[in-house]
Number of protein chains: 2
Amino acid sequence: MDNFSFYAPTYFAFGKNSEERAGELVKRFGGSKVLLHFGGGSVVRSGLLERVKKSLDAAEIAWVELGGVKPNPRSGLVYEGIALCRKEGVDFILAVGGGSTIDSAKAIAAGVLYDGDFWDFYEGKPVTKALPVATVLTIAAAGSEGSPDSVITKEEGMIKRGASGEAYRPRFSILNPELTCTLPAYQTACGASDIIAHLYERYLTNSKDVQTTDRMIEALIMAMVEETPKVIADPNDYQARANIMWAGMMAHNNSCGVGRSQDWTSHEIEHELSALYDCAHGAGLAVVMPAVFRYNMKHDPARFAQIAERVWGIKNNGDVEATALAGIEALQKFLISIGMPKNFEELGAQEKDIEYLAHTCCYGDGNGSGRVGGFVSLEEKDVQNIYRLML
Amino acid sequence: MDNFSFYAPTYFAFGKNSEERAGELVKRFGGSKVLLHFGGGSVVRSGLLERVKKSLDAAEIAWVELGGVKPNPRSGLVYEGIALCRKEGVDFILAVGGGSTIDSAKAIAAGVLYDGDFWDFYEGKPVTKALPVATVLTIAAAGSEGSPDSVITKEEGMIKRGASGEAYRPRFSILNPELTCTLPAYQTACGASDIIAHLYERYLTNSKDVQTTDRMIEALIMAMVEETPKVIADPNDYQARANIMWAGMMAHNNSCGVGRSQDWTSHEIEHELSALYDCAHGAGLAVVMPAVFRYNMKHDPARFAQIAERVWGIKNNGDVEATALAGIEALQKFLISIGMPKNFEELGAQEKDIEYLAHTCCYGDGNGSGRVGGFVSLEEKDVQNIYRLML
């Protein structure tokens, strides 16, 4: 285990009707004027936004609103939000939605307190100051409700990049599993795929002697494998929704990722796909992960064999590589079984773009290092090869 | 899963030399004059206390000190600490030691800001205000470094009781696994037994559909079962010490206990033993747990069978009760293998005290409800029977 610091001071209000606590919690965490940030029509149609407003009104918290966040959230709306917050004297941002809305809220929060272009944070500048952010979560997926991370797409060039910093940890997050019951099966499965990816990206480590966090990660993947098919079969299975929601938070608040190097290759390679084709991030990951894992397997077959045995129940008959591979196959089979795509074609990606994708992945908009990955250091040619495995 | 709130805002500095950050962290969390609270000679002899003082001095943090905390920490020193803090204008308490020192520090922290007798909190008054507390941990065991709990023994009558409240969560905890390498094997094993008990007490639930937290608890127990024998064999196994230290914190910060009813029968029954005989809490738990589990097994054999299969690798041949029992036996065998006592005699407890123990357990010093336990509600006669299973 490596040395680390861990600080996850998000307050979680979990369960039925917990959105009614929004006003009380904004007050507790020092907000007086809130930007309500949200996406499309579903939080409006479902009445959720109205319930949150009512809760803020009851607590005498002022608010302004900014909707319109899209999946793979864009820089344009972030600039708009920054201007609105400054004009209105907003001191607290409440994201009502999923990972995209939360990530957009975080970017606005940092931008409001920064003189330069907020995009600087997405090119590597550490986020040290931001308005307080909180969330009312509507999909278990990104883990942004408990994480210090945010991912934004710059419209100019469609560049998708992440930023991170303690100031991005939400002050509170309201997790009501009921709010996720109206999600279509496809989106639910995309969320599950993203959660599983957060776990695998932490599992693939070069740090030795990390048994405790290995076991925790395996535990959360097993819970996801058990619970996800239940909600695909019955969207209103509250209990399975609840289990997934807590697993999704735990997968990404990093308590199971501390003290170990992590990977994030699959995320980096996927970001190019969702940036270019605007596909769902989780769907992209379902196609990317098996390809990356097959490509990187030989770097440490024993690690892949361990998860194959413990999570996927593969018998290890002494052939470590075969066991490792069977585990990757079991993962892909599972992802397909919950409705995820399995290749470029099903994802809507195109072979002709592979060189562009690999180049952007490795070099970004000119600032990339030319290499990708924490588990195995990959160069452009490797990334091309990985994309080809998805054909 | 039940509704819940979860708030664990402790900052963890983990790894080698992390005690050198004490001064920086006290400053970050707003302290200007610190009570350094500790136990016996080992933190002095090892030079740890000196290093912490040096770090405080370097950060220009003033401090006073109060040593002398004993295992099963006593009310007398708490009163002394409260008086000292008031006299010296202390605004921050830094516990340097294990669970006893931390629990004593928490009691002092609440007492300083309270007009009445601090013992009120240990008779059920909610802890809502306390001076900020932080820790430099020297043994992986109690989990108090990340928990909102404290257990104190009232000298008058030797009554051992717990108190809890958000104000008790440490602001920061310094976890340096090296500091635990000098612990004798017996104390190390006692710590492991306590950690495993924290996990079992959460596992034994009447809440349905708690797969995610079930899996997390199982994961942490498996890590403990794997790592503990390594440090018994080689006290200087830093990596195993590190894995145990993080598991011990995760076992009790409640991220794996949310949304489910919990038990705490073993702790309640053990507290009478360590209060009367001054035995180590973990050693007491090693004797108590198998007895409680055997007694309560029929309440939900499937739950015991599940942990038997998943953690202890017991084959379930269709006989749920036999599987459940084999799991309990495997637990006891493991505890004995790391050097824990197996019965009253080895613990230094006496059959003639059973009626007194059971009565105090159920009725405390006059304020008890007459019943004990969250998983199964036990009355005095049941508790007597359980103590008899330990003969």
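**Entry 1: how the copies meet**

I started with the faces the two chains use. Of the interface residues of chain B, 100% are also interface residues in chain A, so the copies meet through the same surface. Note to self: this is a predicted model.

Next I looked up who touches whom: 44 residues of chain B are in contact with 45 residues of chain A. Three residues stand out here, since Met1(B), Arg215(B) and Trp246(B) supply 17% of the area that chain B buries against chain A, more than any other three residues.

For the interface as a whole, I noted about 3,700 Å² buried between chain B and chain A. Carbon and sulfur atoms account for 55% of that.

**Entry 2: polar links across the interface**

How many salt bridges are there between chain B and chain A? I have 5 in my notes. One I looked up by name is Arg215(A) with Glu226(B), whose side chains meet at 3.2 Å, N to O. I also wrote down 24 residue pairs in polar contact across the interface, both partners at pLDDT 80 or more.

Then I asked which elements of chain B give two or more residues to the side that touches chain A. They are β1 (4-7), β2 (11-14), α7 (211-233) and α8 (238-252) of chain B. The one that gives the most is α7(B), with 11 residues.

**Entry 3: symmetry**

I laid chain B on chain A and got an RMSD of 0.0 Å, using a turn of 180 degrees and a shift of 0.0 Å along the axis. That is the relation of a two-fold axis. Which residue of chain B comes closest to the rotation axis? I found Pro9(B), with its C-alpha at 1.9 Å.

**Entry 4: the core**

On to the inside. The largest nonpolar core has 230 residues, and the ones touching the most other members are Trp246, Leu273 and Tyr387, each in both chain A and chain B.

I picked Tyr387(A) for a closer look. Leaving aside neighbours within four places in sequence, Tyr387(A) is in contact with Ile269(A), Glu272(A), Leu273(A), Phe344(A), Ile354(A), Leu357(A), Ala358(A) and Cys361(A).

**Entry 5: a strand residue**

Last stop was Ala62(A), which lies in strand β4 (residues 62-66) of chain A. Is Ala62(A) buried, partly exposed or exposed? I put it down as partly exposed, because its relative accessibility is 35%, and the range for that label runs from 20% to 50%.

Not counting residues up to four places away in sequence, Ala62(A) touches Ser32(A), Lys33(A) and Val34(A). I also checked Gly23(A): it is 39 residues from Ala62(A) along the chain, and their C-alpha atoms are separated by 9.9 Å.

Technical notes: Residues are numbered from 1 along each chain as its sequence is written. Chains are lettered from A and ligands numbered from 1 in the order in which they are written. This is a predicted model: local features need pLDDT of at least 70, side-chain atom pairs count only at pLDDT 80 or more; totals for chains, interfaces and linings use all residues. Side-chain values use heavy atoms; hydrogens and water are left out. A nonpolar core is a set of buried Ala, Val, Leu, Ile, Met, Phe, Trp, Tyr and Cys residues joined through side-chain atoms within 4.5 Å. Buried means under 20% relative accessible area, exposed over 50%, partly exposed in between (1.4 Å probe, protein chains only). Contact means heavy atoms within 4.5 Å. Copies are superposed by least squares on the C-alpha atoms of residues with pLDDT of at least 70 in both. Buried area is the accessible area (1.4 Å probe) that two parts lose on being put together, summed over both. A salt bridge is a side-chain nitrogen of Lys or Arg within 4 Å of a carboxyl oxygen of Asp or Glu. A polar contact is a pair of N or O atoms within 3.5 Å; within protein, one must be able to donate a hydrogen and the other to accept it, and residues adjacent in sequence count only if both atoms are side-chain atoms. Helices (H or I, at least four residues) and strands (E, at least two) are DSSP runs, numbered from the N terminus.
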